[in-house]
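Morning, everyone. Please have a look at the next model with me.

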Amino acid sequence: MSAHTHATPHAHHGGSYLESKGSFWTNVIDWATTVDHKKIGVMYLFAILFMFFLGGVAALAVRLELLDPVRAVTDGAGKVMITGQLFGAADANSIASGNDTYNVLFTLHGAIMVFMVIVPSVPGSLGNFVLPLMLGAKDVAFPRVNLLSWYIYVVGSIFAVTSIILGGVDTGWTFYTPYSTTTALGEPKVVLMVLGAFILGFASILTGLNFIVTVHKLRAPGMGWFDMPLFVWGIYSSAIIQVLATPVIGITLLLLAFERFTRIGIFDPALGGDPVLFQHFFWFYSHPVVYVMILPGMAIISELIGVHSHKKIFGYRAVAFASLGIAGVSFIVWGHHMFTSMSEVASTIFSGLTFLVAIPTAVKVFNWIGTLYKGSISLNTPMLYALIFLFTFSIGGLTGLPLGTLSTDLHLHDTYFVVAHFHYVMMGGTIMAMIGGIHHWWPKMFGKMYNERWGMIGAIVVFIGFNVTFFTQFFMGTRGMPRRYASYVQEFQIWHQVSTIGSLILLVGFLIHLFVLVQSLLAGRKAPKNPWGGLTLEWLADSPPEEHNFAHEPIVQCGPYDYDTHVPHHWDPKDYQIPEENLRTTAAH
Amino acid sequence: MSHPPSHNQPEAFDELDPHHSGVHADHVIVGPMQLRAVLAILLVFTALTVGFAQAEQWASGYFNIVMPHWVNIAGAMTIAVIKALLVMAIFMQLKYDNPVNTLIMGVTFAALAVFIAFTGMDLLNRSEVYSWKAPQIVAGGTGNEVWNAQGKPITVAARDRYLAKIKDRIKEHNPSIEGEALEKQALAQYEIDMAATVSHGHATHGDQHGSSANRSRGAHGLSGALDTAAREHAESDGHEPAKPAGGH
Amino acid sequence: MSTIDAKQTSVPESRSRWQRYAHAHHWRSQAEEFDGCKLGFWLFLSTEVLLFGGIFCGYTLFRSMYPAAWAEGSSSLDWKIGAFNTAVLLISSYTMAVSIYCIQTGKQARARANLAVTFLLGASFVILKLALEYIPKWSGYFCVLDPALHHHASMIVEGKTAFFGLFQFVEGYGGKRPGMLFDYPFAVDPRMPVWWAIYYCGTAIHAAHVLIGMALIARVWWLAGKGTYGPTYYAGVEITGLYWHLVDLIWIFLFPLLYLIH
C-alpha cells in the first residue's frame, strides 16, 4: 500500500492486477479488501458462477422429476405402487412430501437464478471489469462502495442459502401473498429468503449508482456521450432501472416480512389487505428488472457483433437510444404479468402499452443484423454466441407478443408457454450473451487465450441443448400444461422427456465451457493486447491490465466502431486473420 | 495513437474534455439570511396547513358547511408540495446545483407518479366492466376474517373485552346488578366512552353520534365516483361477509 | 491496498486535515470528485424516495378504497403532536443548512454547535414520537403533558401511572397496535387495522431514517472536531445534510397525509 499521487499514475507501470502480492494469506487479504474494479469484477464473476451452479442443480432436479409423471400403478399382486416420483419414497403416502420437495426446488431455481445470477450477472462481473476500462477511467466512481456491493451480495446469498439449508421455501420466486405471508409461520426460512432478496437489492442499487456516476463523470478526455461504446449505453440504461425500481422491491419485501411477523394487513385479504396490491408492488420492480437482466445482454451483443464483424455498427445512435427507450418503457408495462388478476380496464391498457417494448427491441435486432451484413465476420466463440443470441432472443421476443395480447394470454397464462418464453429471453438472451461476453473479454481479464475449437463446440452443444429443452415447452404450453406441477397427464410425457434430455445436453455444453476456461487458465497461450481487433479503449490496456488500467490516461481519437477509418491498435492479424479486401483500411490519423 | 504527457495540473485535462466544461460545481454558499427566510416560510406554511384543516372542521361543526373532500386534500397537498420544493431548492441547493441532480429527482417523482397512478388504475377500476368484481378483495378484507385466539374477529373480540371491563367497573359500584340490567348499563356506558374517543381531536366537530361517526363523515376518497361499489359495501354493514354488489 | 486513500505526502503536517485533503487518484480534480459524490448521493436519495413511495402508494389506494376507515383513523391522531414534530424537523433542517454555511465560511466551532443542535432536535423528534404517540397507542398509558388528554378525562383510571407519574392510564385508549396486536375497542370500522398498518409502517420506517440520520450527524460532528472539514473540503457534511433534508422532506408529506386529511 504505497502512497502515491494521482499525478503520477505510472509509478506502478508494468504490474498486472493479477500479480501475486506475496504469501497466500497476503493475497487473500489483498483480494478481500481490494477496491480495484477488476478484482471485484472477477470476484463477482466467480460468486455468480457458483450460484449459477446451485441454481442449475435445482433446475436439473426439476427436469429429472418431470421425466416421468407421478402415478399410481397396480402391480401383478394387486398392490398399488407410486411410480415416477424422484423425491420421496415410492409409496402412496409420500406423494405430498415429494410434491413439496418439487415446489421447493423450482422456487430455489427461480429465486437463485433471478436474484443471485441474472440480475447481478453482467453488471456485477463484466460491467465492473470492462466499463471503467472502456471509459478510460482508473476505477469506478466509488471503489469502496463497489466492494461493499460485493459483500452485500455475498451476505444476501448467505441468507438465501441458509433458507435452503433450513428446508427451503415453496412460495415460488415471486413470493405471492397471501401464501408467502401465511405459510410455515413458525419457521424463519421464508423470512430469510425474503430478506436475502431484500439485501441483494442493495447490492444491485449500489452497483447501478456507481455505474451512473462513473459514466457521467469519469469518461476519458475526448469521449462524448456518443463516443461511448454501446456496452456502456446498455449498462447505463440498466443502471437507471436498478436505481429506480429496486427500492420498491425493498419496501415490498419489508412489508411482507412485517406482515409475517405482526400480521399487519397490507397484502393479506384475511387481514384487510389486498393481494393484488402486492402483485403491483412486486411487478413494479420485477418487470423493469427483466430489462436489468436483458439490457446488459444486449449491450454485450452490440459489442460482440460490432467487434467481430469489424464493421462500423449500423445505427449507433438508434441502438443507444433504444437502450434508454427500453429503460423508459419498462416502467409502464408491468401489468402484463397480472392479466388474470387485474381489473379489465387496467389489463387492456397494460396490454396496449406492452407492445411498445417491441419497438426499441426490434430496432436493436435490426441494427445488429444490419451490422452483420457485409461485415468481415470472424466466426469464433463470441461471434457464435452473438448469432445464437439473435436466434434465441428473437424467438423469446416474438413469443412475448401472444403473451402481451390480453386475449391469448388468458389461455397461455401460467402454462409452459410462459416458462419457455422467459427462458428464451432470460437464458437464451442474457446467459448466452454473458457466456459470449466472458469468452470475448477472457483474454483481457486473465491474459490467456482459450481453445477456440472447443469453445465453438461447446457453443454448438449449448445451442442444441437449449433449444431441445425449451422449444418443446412451447408445444406443451399451447396444449395446456400448467407450470409448477410435479406431475402431468400422460400425453405430455414425450415432450417432458425430450425437454429433460435437452437439459442434459445443456449440462454437457456447460461442462465443455468449464473445461475450456479452466484449461485456458492453466495452460492457455498468452493473450495479446488486442486479440480481436477492437477499437474500444479496453483493448489499449495490457492483457491482463495493470493495476491502474492504463499507463497514461488514454485520449479518445476515434469512435468505438470506426473500422472504416481506423485500424485497431496492437492488432495482430496473425492471430485472427481477416480477409484484407474486406477491411477498408486507411492509416490511423 | 499518441499518449499525452503526464499531467500535474488536473485542469489541463479540461481542454481535452469538452463534455465536462461548465458543469464544475462551484461551491455555492447559501447565506444565513436566505436560510432563515426559508425556515420562516416553511413554518408559516405548516401553520397554514394546520389552520386550514382546523378551519374546515370548525366550519362544518358550527355552521354545518361541509366542504367537498377534495378541498381538504388539495389544500394540504399543495402546501406540502410547496414546502418540499423549497426544501429541495434552497436547503438541498438544487437551485444552484448541477441540473443533472434536478433531473434525477424529476425522473424519480415521475416514476413514483406512474407507480401510484397505474396501480390505482387497476385497484380503483375493479367494477368498471364486471361490477361483481368490485367487492372481490373487499370480501376477504372486512377484518372479520382476522380471528383472534378465541376465534372471534378482532374488532368484535375487542368490543366484548371492553364490555367485560365496563361490567366489572359497574359491579364494583353496584354489586347487586345482574343480568339484563347490567348488560343494558354496560352498553350505554360503552356508547358514551366510544363517543368520547371518536370525537378526540374533533372537539369542535360537535359529533355526538359516537358509533356512527364514520357515517357522518363523507365517504369520498381521492377517487370519488370510482369506488362506489366498495363504498356502498362499507356503509351497508362492515360486519357481514360481502355479497356480490349487483350492478352499478 | 486501497490506493484511493492516497494522500499527498509533501504537505506539512501543521495544516489541518481539510487543507491536507487530496482527492482520490481516479478523479481528475477535487471539484469533479465533489460533484460526483453529490450526483451519487442524489441517486441514492431517489432510491429513498421510491422506498417511501411504496408506503405512499399503499396509503393512497387504501384510502381511496376504504375512506371511512381512513377518516376514522386520522381522527384518532393528534394533529398538535404532528405539527409540533413537523416544526422540530423543519428547524433541524435549518440548523443543518446553517452548519454547512458555517463550514463553507470557515467557522468550524459554530458549525459543530449547529450539528449538535440538529442532532438534539432529531433526538427530540424520536422521543416525542415514542412518548406521545407510540406508547399511548400501544399500552394505553398517556403522557399527562398531552393537551388532548381532556377528551379522555372520564376514562382515566385513577392510581394507575407509569414513569414516575408522567404517564397515566386511559381506559381503552391503547390497543391501536398493528396487525394481530390490534384490539382497539372503538374500532367501528372493520378496516381500521389496515389504517394502523400503514400508519405504523410509514412512521416507523421514517423514524428509522431519523435515527440513521442522527448517526451520520454524530459522525460528521466527531470528524469536524478533528478538523476534517473546511471551506475547500466538506463533502461529508454536505451529504449528511442532503440525507437529513430528505428525512425532513418525507415527513413534510407524511404529516398532512396522516394527521390532517380526514
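I'll take confidence in chain B, then the strands of chain C, then the contact between chains A and C.

A caution to start with. This is a predicted model. So how does chain B score? Its average pLDDT is 69. Of its residues, 58% score at least 70.

Where is chain B's confidence highest, and where is it lowest? The top is helix α3 of chain B, residues 99-123, with a mean of 94. The bottom is helix α7 of chain B, residues 213-216, with a mean of 32.

Two stretches of chain B need a flag. Residues 139-144 of chain B have a pLDDT below 50. Beyond near neighbours in sequence, that stretch still has 24 contacts in the model. Residues 200-248 of chain B are also below 50. That second stretch has 107 contacts in the model, again beyond near neighbours in sequence.

On to chain C and its strands. Which strands pair with β3(C), residues 167-170? One is β1 of chain C, residues 141-143. β1(C) and β3(C) are antiparallel, with 3 bridges. Here C:Y141 has C:F169 in β3(C) as its bridge partner.

The other is β2 of chain C, residues 156-162. β2(C) and β3(C) also run antiparallel, joined by 3 bridges. Two positions to click on: C:A162 has C:F167 of β3(C) as its bridge partner, and C:T161 stands opposite C:Q168 in β3(C).

Now the turn. β2(C) and β3(C) form a hairpin with 4 residues between the strands. Look at C:F163 there: its phi is positive, near 50°.

Last item, the contact between chains A and C. Chain A puts in 41 residues, and chain C puts in 35. Which helices of chain A each supply at least two residues to the side that touches chain C? They are α6 (189-217), α7 (230-262) and α8 (275-309) of chain A. α7(A) gives the most, with 11 residues.

And the chemistry of that side of chain A? It divides into 25 nonpolar, 12 polar and 4 charged residues.

To recap: keep the two stretches of chain B below 50 in mind, 139-144 and 200-248. In chain C, β3(C) pairs with β1(C) and with β2(C). On the chain A side of the contact with chain C, α7(A) contributes most. Over to you.

Key:
Residues numbered from 1 in each chain as written. Chains lettered and ligands numbered in written order. Predicted model: local features only at pLDDT ≥ 70, side-chain atom pairs only at ≥ 80, totals over all residues. pLDDT = per-residue confidence, 0-100. Contact = placed C-beta atoms within 7 Å. Pairing = 2+ DSSP bridges. Nonpolar A, V, L, I, M, F, W, Y, C, P; charged D, E, K, R; others polar.
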